[in-house]
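Visitor: I should like to be taken through this structure step by step. Please begin with the terms that I shall need.

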Amino acid sequence: MDESQFETFILEPALQVVNLYSPATHILILGTFLVESGLTFVEQNGPGDAMGFGQVEDVTYNDILRYLNRFDKAALKEKCLAACFYTAFPPRSSLMHNLRWAVIVARLKYLPVRQPLPKWDDAMGLAQYHKLWYNTPRGKTDVKESVKIFERIISERRHRFEGQS
């Protein structure tokens, strides 16, 4: 998938409609998708059950749905579902065809983290944040390789986000 079109028509609008957009979030989610699937594979390539560009496993998806089902998250739940034209939680397989839902779910995976997001131009910080809070310490992601991906993303978007927090 073309990164620019993905950002313009899917990533940004999805995060904006649920009020979860920032330059740091933009870079983090795009980087997450590039690290996890190359923004190419919607089903895990090899053994495992991960789905969508964010390569979300069943246990992770269920954790995210439980998080949204908390009483204090009711408004967020409704906003996220409405943004994707859902009235109830869709099956996890929807991550393979509803790209807006895939972006929102990836952002929701990071949302409970109490550690603030690194700045949008901190490639090492974003790669480490992804590894720790999304991929997990036992996951297969190589932070050194992820840093290269985040550095490229940041370099190509520097003109766009310079001066923003």
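Guide: Helices are DSSP runs of at least four residues, numbered from the N terminus. The model shown is predicted.

Visitor: Between which two helices does the loop with Tyr86 lie?
Guide: Just after the end of one helix comes Phe85, which has a positive phi, near 65 degrees. The helix that Phe85 follows is H4. Tyr86 is placed in the loop that runs between H4 and H5.

Visitor: Is Tyr86 buried or exposed?
Guide: A residue counts as buried when its relative accessible area is under 20%, and as exposed when that area is over 50%. For Tyr86 the relative accessible area is 18%, so Tyr86 is buried.

Visitor: Which residues is Tyr86 in contact with, neighbours within four places in sequence left aside?
Guide: One of them is Trp101, which stands 15 residues away along the chain. The C-alpha atoms of Tyr86 and Trp101 are separated by 9.5 Å. With neighbours within four places in sequence left aside, the contacts of Tyr86 are Leu81, Ser94, His97, Asn98 and Trp101.

Visitor: Why are the buried residues of H4 on the same side of that helix?
Guide: An α-helix has 3.6 residues a turn, so residues three or four places apart point the same way. The buried residues of H4 are Leu76, Lys77, Cys80, Leu81 and Ala83. They lie on the same side of H4 because the arc that they cover around the axis is only 160 degrees.

Visitor: What covers the buried residues of H4?
Guide: The covering elements include three helices. They are H1, H3 and H5.

Visitor: Which helix gives the most to the largest nonpolar core?
Guide: This core holds 50 residues, and Phe6, Phe33, Trp101, Val103 and Ile104 touch the most other members. Helices H1, H2, H3, H4, H5, H6 and H7 each supply at least two residues. The helix that gives the most, with nine residues, is H5.

Visitor: Which residues is Phe6 in contact with, neighbours within four places in sequence left aside?
Guide: Phe6 is among the core residues that touch the most other members. Its contacts, with those neighbours left aside, are Met1, Leu11, Leu30, Phe33, Leu39, Phe53 and Val103.

Visitor: How many residues of the lining of the largest pocket are charged?
Guide: The largest pocket has a volume of about 620 Å³. It is lined by 24 residues, and those closest to its centre are Glu36, Ala50, Gln55, Glu57 and Asn135. H2, H3 and H6 are the elements that give two or more residues to this lining. Seven lining residues are nonpolar and 11 are polar, while the number charged is six.

Technical notes:
Residues numbered from 1 in each chain as written. Predicted model: local features only at pLDDT ≥ 70, side-chain atom pairs only at ≥ 80, totals over all residues. Heavy atoms only, no water. 1 Å grid on protein atoms, 1.4 Å probe; cavity = no way out; pocket = protein on both sides within 12 Å on 5 of 7 lines; lining within 4 Å. Points joined across faces, edges and corners; volume = space filled by probe spheres on them. Nonpolar A, V, L, I, M, F, W, Y, C, P; charged D, E, K, R; others polar. Core = buried A, V, L, I, M, F, W, Y, C linked by side-chain atoms within 4.5 Å. Buried < 20%, exposed > 50% of the residue type's maximum accessible area, 1.4 Å probe, protein only. Contact = heavy atoms within 4.5 Å. Arc of directions from axis to C-beta.
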